[in-house]
Amino acid sequence: MEPRILQVRTKILKANDTLARKMRQEFLSRGIFVSNWVSSPGSGKTLWLENTLRQLIDRGLQVAAIVGDLETDRDAQRLERSGACVRQIMTHGLCHLEADMIRKEWEAWDIGPIDYLFIENVGNLVCPTSWDLGESLRVGLLSVTEGEDKPLKYPGLFNTCDVALLTKMDLAQACEFDQVLAIENLQAVRPGIEVFETSGKTLEGMDLWIDWLENRRKISLLSNP
Amino acid sequence: MHELSIANEILKIVQEHASAANVKASDVTAVGIRLGAWSCVQEQSLQNSFRWLVDQTPFESARLEIHRIDEVQEMEVQEMIVEWIEIQDQKEEN
């Protein structure tokens with residue numbers, strides 16, 4: 001008997017995508033702007049996020065963060081220094097966060113109204129690419145110590161980002177980092193991406209970043225009343 | 001290693017569609033997968049993960065046929081799709 005073909009044409013991550021879409025709508029309907037931060041380990045995500053949380057708190061905004069790591073709650077402890085509410089997800093070997101992990105954490109969290117929820121993904125330039133976490137903004141970070149060619153080597157991840165942060169700019173000269181080339185490489189894989197040059201040590205770029213973030217949050221909430 | 005999570009989602013989709021079409025798990029002989037150029041999936045790792053999941057289960061006859069789209073313009077570059085399931089109906093025994 002000849003084999004027969006059953007047409008399926010279904011997205012492999014349909015279940016995750018459906019849940020993420022529902023979560024995004026729910027977050028926005030509650031006035032919560034969610035961002036998902038992705039980068040390699042050691043790119044300076046946690047320091048820049050800690051500073052971002054502190055700046056937003058200073059502006060009178062309510063902020064919270066969920067941070068994913070394979071082991072330890074060290075990053076949650078660091079982020080808590082900002083005064084924000086923080087939850088740590090330990091994945092125990094899993095290389096990325098999934099929407100259902102965020103949902104479970106969120107539903108178990110007794111937290112008041114917030115304006116921002118930041119998700120610091122597991123440090124990895126490959127695996128987090130495909131998982132929508134219900135965010136309205138995906139932030140990709142690239143440190144000057146990694147080299148300008150990272151976007152070309154990991155186009156999948158940078159292609160999914162809405163904005164890129166060049167981090168550790170205080171080390172750019174020592175690393176002979178070519179920011180023009182880095183931006184060209186980012187634009188090659190994600191045309192039109194916004195790029196900020198930042199330093200967690202000197203806070204270079206912080207005011208511009210916070211203003212931009214606030215603008216994005218307001219636009220996002222206005223577009224989803 | 002995210003390929004294991006992806007393989008698990010593929011198996012769930014196969015189970016769902018086979019069940020809806022009244023197809024026995026043991027009759028599923030192949031699963032057609034389409035991957036975008038920047039889907040960040042390592043094919044051998046996906047094959048190994050799928051094999052590990054279906055071994056010694058009713059779906060152990062199923063193999064993955066992966067079709068990678070190298071053209072960045074051809075489809076969503078991140079796309080990962082289960083395209084089809086191949087079924088080999090068993091002969092009815094008298």
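Me: What does it mean for two residues to be in contact?

Reply: Two residues are in contact if their C-beta atoms, placed from the backbone, lie within 7 Å. This is a predicted model, in which local features need pLDDT of at least 70, side-chain atom pairs count only at pLDDT 80 or more, and totals for chains, interfaces and linings use all residues. Residues are numbered from 1 along each chain as its sequence is written, while chains are lettered from A and ligands numbered from 1 in the order in which they are written.

Me: Which residues of H1(B) and H2(B) meet?

Reply: Helices are DSSP runs (H or I, at least four residues), numbered from the N terminus. From H1(B), Glu3(B), Leu4(B), Ile6(B), Ala7(B), Asn8(B), Ile10(B) and Leu11(B) meet Ser45(B), Leu46(B), Ser49(B), Phe50(B), Leu53(B) and Val54(B) of H2(B).

Me: How is the packing of two helices described?

Reply: One gives the angle between their axes and the distance between the axes. Axes are lines fitted to C-alpha atoms over the stretch in contact, and angles run from 0 to 180 degrees between N-to-C directions. Here H1(B) and H2(B), the latter spanning residues 43–54, pack at about 55 degrees with axes 8 Å apart.

Me: Where does Val38(A) lie, and is Val38(A) buried or exposed?

Reply: A residue is buried if 20 or more other C-beta atoms lie within 10 Å of its own, exposed if 12 or fewer, and partly exposed in between. Val38(A) belongs to strand S2 (residues 33–38) of chain A; strands are DSSP E runs of at least two residues. Val38(A) is buried because 30 other C-beta atoms lie within 10 Å. Leu125(A) is 87 residues from Val38(A) in sequence, yet 7.3 Å away in space, C-alpha to C-alpha.
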